[in-house]
Amino acid sequence: MACVNVTNVVVLDNPARFDNPFQFEVTFDILAPITDDLEWKLTYVGSAETQEFDQELDSVLVAPQGVGPYKFVFQGDPPDARIIPPHDLLGVTVILLSCFYHDREFIRIGYYINTEYDSPDLNETPPEQPLYEHLVRNILADKPRVTRYQIDWS
């Protein structure tokens, strides 16, 4: 039986400029006593072809206070757009919110993100060199992909 159940995640500040921090309001229940911290990680997938361009944007430890409901806002830095291959910068990619207990991942919540320019003209004819200051992102917040993993909680 899982000791932690994620009950809701709300994507905040969406849509947003590409260089704005990501913000997620996470609600979860601790169903049985746990003794160590939960580690939450936020990962931006920079390319569908290789993990080389994935960026861990932030991680935070949440200390258990006992059985019961919890809520916090996880804010992570935006990805470094200059690390992402130019041909992967625009279009659809993924952001992953994962939680670990004793270095074992027990849930992964993935969201599709569409990145485009803030101008129809730039979207129709993208410049050869990216104009980072004109990038915007839209997280498809209503369609998360949730994967749960069985782990040993002891």
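A salt bridge here is a side-chain nitrogen of Lys or Arg within 4 Å of a carboxyl oxygen of Asp or Glu. Keep that cut-off at hand for the exercises below, which all concern a predicted model.

**Exercise 1. Get your bearings in the fold.**

Task: find how many helices and strands the protein has, and the order in which they run.

Solution. Start with the tally: the secondary structure comes to two helices and ten strands. Next, walk from the N terminus, and the elements read β-β-β-β-β-β-α-β-β-α-β-β. Then take the dimensions: the C-alpha trace spans about 55 × 30 × 20 Å along its principal axes. Finally, look at burial: of the 154 residues, 41% count as buried.

**Exercise 2. A buried arginine.**

Task: work out which side chain of opposite charge is nearest to Arg-137, and what polar atoms lie around the arginine.

Solution. First locate Arg-137, which sits in strand β9 (residues 135–139). The residue is buried, and the nearest side chain of opposite charge belongs to Asp-13, 4.8 Å away. Now apply the cut-off: a salt bridge needs the atoms within 4 Å, and Arg-137 has none. Turn next to the backbone. The oxygen of Asn-20 is 2.7 Å from a polar atom of the arginine side chain, and the oxygen of Phe-18 is 3.3 Å from such an atom.

Asp-13 deserves a look of its own. It belongs to the loop between β1 and β2 and is partly exposed, with a relative accessible area of 34%.

**Exercise 3. A buried aspartate.**

Task: decide where Asp-88 lies and which side chain it contacts.

Solution. Asp-88 is part of helix α1 (residues 86–89). It is buried without a salt bridge, and Arg-82, the nearest side chain of opposite charge, is 16 Å away. What the aspartate side chain does have is a polar contact of 2.9 Å with the side chain of Ser-47.

**Exercise 4. The salt bridges.**

Task: state how many salt bridges the model holds, and which residues make them.

Solution. The count comes to two. One joins Arg-17 to Asp-118, with the closest N and O atoms 3.3 Å apart. Arg-17 lies in strand β2 (residues 16–17) and Asp-118 in the loop between β8 (104–117) and α2 (120–124), so this pair ties together parts that are 101 residues apart in sequence. Check accessibility next: Arg-17 is partly exposed at 30%, and Asp-118 is also partly exposed, at 38%.

The other salt bridge brings Arg-108 and Glu-105 together at 2.7 Å, N to O. Here Arg-108 is partly exposed at 30% relative accessibility, while Glu-105 is buried at 16%.

**Exercise 5. Cysteines.**

Task: explain why Cys-3 and Cys-99 are not bonded to each other.

Solution. Recall that a disulfide is a covalent bond between the sulfur atoms of two cysteines. The cut-off for the pair of sulfur atoms is 2.5 Å. The cysteine sulfur closest to that of Cys-3 is in Cys-99, 12 Å away, which is too far for a bond. The count of disulfides is therefore zero. As for burial, Cys-3 has a relative accessible area of 9% and is buried, and Cys-99 is buried too, at 0%.

**Exercise 6. Backbone geometry.**

Task: find which peptide bond is cis, and which residues other than glycine have a positive phi.

Solution. Begin with the background: most residues other than glycine have a negative phi, and most peptide bonds are trans. The bond from Asn-14 to Pro-15 is cis, with omega near -5 degrees. Pro-15 lies in the loop between β1 (4–12) and β2. For positive phi, take Asp-13, with a value near 50 degrees, and then His-102, near 55 degrees. His-102 is in the loop between β7 and β8 and is partly exposed at 32% relative accessibility.

**Exercise 7. A patch on the surface.**

Task: identify which residues make the nonpolar surface patch of about 260 Å².

Solution. The patch is made by Val-92, Tyr-112 and Leu-140. Focus on Val-92, which is found in strand β7 (residues 91–101). Is it buried or exposed? At 57% relative accessibility, Val-92 counts as exposed.

Key. Residues are numbered from 1 along each chain as its sequence is written. This is a predicted model: local features need pLDDT of at least 70, side-chain atom pairs count only at pLDDT 80 or more; totals for chains, interfaces and linings use all residues. Side-chain values use heavy atoms; hydrogens and water are left out. Patches are made of residues with over 30% relative accessible area and no salt bridge: like charges are joined within 9 Å, nonpolar side chains (Val, Leu, Ile, Met, Phe, Trp, Tyr) within 5 Å. Accessible areas come from the Shrake-Rupley method with a 1.4 Å probe; for residues, only the protein chains shown count as cover. Helices (H or I, at least four residues) and strands (E, at least two) are DSSP runs, numbered from the N terminus. Buried means under 20% relative accessible area, exposed over 50%, partly exposed in between (1.4 Å probe, protein chains only). Lys and Arg count as positive and Asp and Glu as negative; His and the chain ends are not counted. A polar contact is a pair of N or O atoms within 3.5 Å; within protein, one must be able to donate a hydrogen and the other to accept it, and residues adjacent in sequence count only if both atoms are side-chain atoms.
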